[in-house]
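Me: I should like to understand how terms such as buried and exposed are justified for a protein model. May I put some questions about the one shown here?

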Amino acid sequence: DDKWLEQFLSLGGLSSLFDALECLGRKGFSCIADALKQLECVACVKAVMNNELGLTFIIQSQAQNFVQKLAQGKPSW
């Protein structure tokens, strides 16, 4: 629900998802579990983006460059 999502975002949940994707991306696909972890992170980012509150947060969080990271299709490292 929106209350849960608001708390998730305010506690840095979206940044944690992008950090996890970055870490998993560096590792590559050493096993199927790594690919599944990446897919789960992407599914969570998608869920945030499919919510008005989440999408607004992404757009307004210019300091964290979420829009740029999404446009590039990968985290900036």
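Reply: Certainly; let us begin with G13, which is placed in helix α2. Please keep in mind that the model is predicted.

Me: Why is G13 called buried?

Reply: The relative accessible area of G13 is 9%. Buried means under 20%, so G13 is buried.

Me: How far is G13 from Q38?

Reply: The C-alpha atoms of G13 and Q38 are separated by 15 Å, and the two residues are 25 residues apart along the chain.

Me: Where is Q38 found, and why is Q38 counted as buried?

Reply: Q38 belongs to helix α3, which covers residues 32–49. Its relative accessibility is 16%; the limit for a buried residue is under 20%, and therefore Q38 counts as buried.

Me: Which residues is Q38 in contact with, leaving aside its neighbours within four places in sequence?

Reply: With those neighbours left out, Q38 is in contact with L21, L24, G25 and F29.

Me: What makes the pair E22 and R26 a salt bridge?

Reply: In the salt bridge of E22 and R26, the distance from N to O is 2.4 Å. The rule asks for a side-chain nitrogen of Lys or Arg within 4 Å of a carboxyl oxygen of Asp or Glu, so the pair qualifies. By this rule the count comes to one salt bridge.

Me: Where do E22 and R26 lie?

Reply: Both are in helix α2, residues 13–27, and they are four residues apart, which is about one turn of the helix.

Me: Are E22 and R26 buried or exposed, and how do you know?

Reply: E22 has a relative accessible area of 14%; buried means under 20%, so E22 is buried. R26 has 57% relative accessibility; exposed means over 50%, so R26 counts as exposed.

Me: What makes I32 exposed?

Reply: I32, in helix α3, has a relative accessible area of 65%. Exposed means over 50%, and therefore I32 is exposed. The C-alpha atoms of I32 and E6 are separated by 32 Å, with the two residues 26 residues apart along the chain.

Me: Why is A33 called partly exposed?

Reply: A33 is also part of helix α3. Its relative accessibility of 32% is neither under 20% nor over 50%, so A33 counts as partly exposed. Between the C-alpha atoms of A33 and Q64, 31 residues apart along the chain, the separation is 28 Å.

Me: Why is C31 counted as partly exposed?

Reply: C31 is in the loop between α2 and α3. At 39% relative accessibility, C31 falls between the limits of 20% and 50%, so it counts as partly exposed. The C-alpha atoms of C31 and F57 are separated by 33 Å, although these residues are 26 residues apart along the chain.

Me: Which residues gather in the patch of negative charge on the surface?

Reply: The patch gathers D1, D2, E6 and E52. E52 lies in helix α4, residues 52–60.

Me: How do you know that E52 is exposed?

Reply: E52 has 68% relative accessibility. Exposed means over 50%, so E52 counts as exposed.

Me: Which residues make the nonpolar surface patch?

Reply: M49, L55, I59, V67 and L70 make this patch, of about 380 Å². Helices α4 and α5, the latter covering 66–72, each supply at least two of its residues.

Me: Why may L70 belong to a patch when L70 is partly exposed?

Reply: L70 is placed in helix α5 and has a relative accessible area of 31%. That value is between 20% and 50%, so L70 is partly exposed. A patch asks for over 30% relative accessible area, and therefore L70 passes this cut-off.

Methods
Residues numbered from 1 in each chain as written. Predicted model: local features only at pLDDT ≥ 70, side-chain atom pairs only at ≥ 80, totals over all residues. Heavy atoms only, no water. Patch = residues over 30% accessible without salt bridge, like charges linked within 9 Å, V, L, I, M, F, W, Y side chains within 5 Å. Areas by Shrake-Rupley, 256 points an atom, 1.4 Å probe, with all protein chains shown as cover. Lys, Arg positive; Asp, Glu negative; His and termini not counted. Charge placed at Lys NZ, Arg CZ, Asp CG, Glu CD. Buried < 20%, exposed > 50% of the residue type's maximum accessible area, 1.4 Å probe, protein only. Contact = heavy atoms within 4.5 Å.
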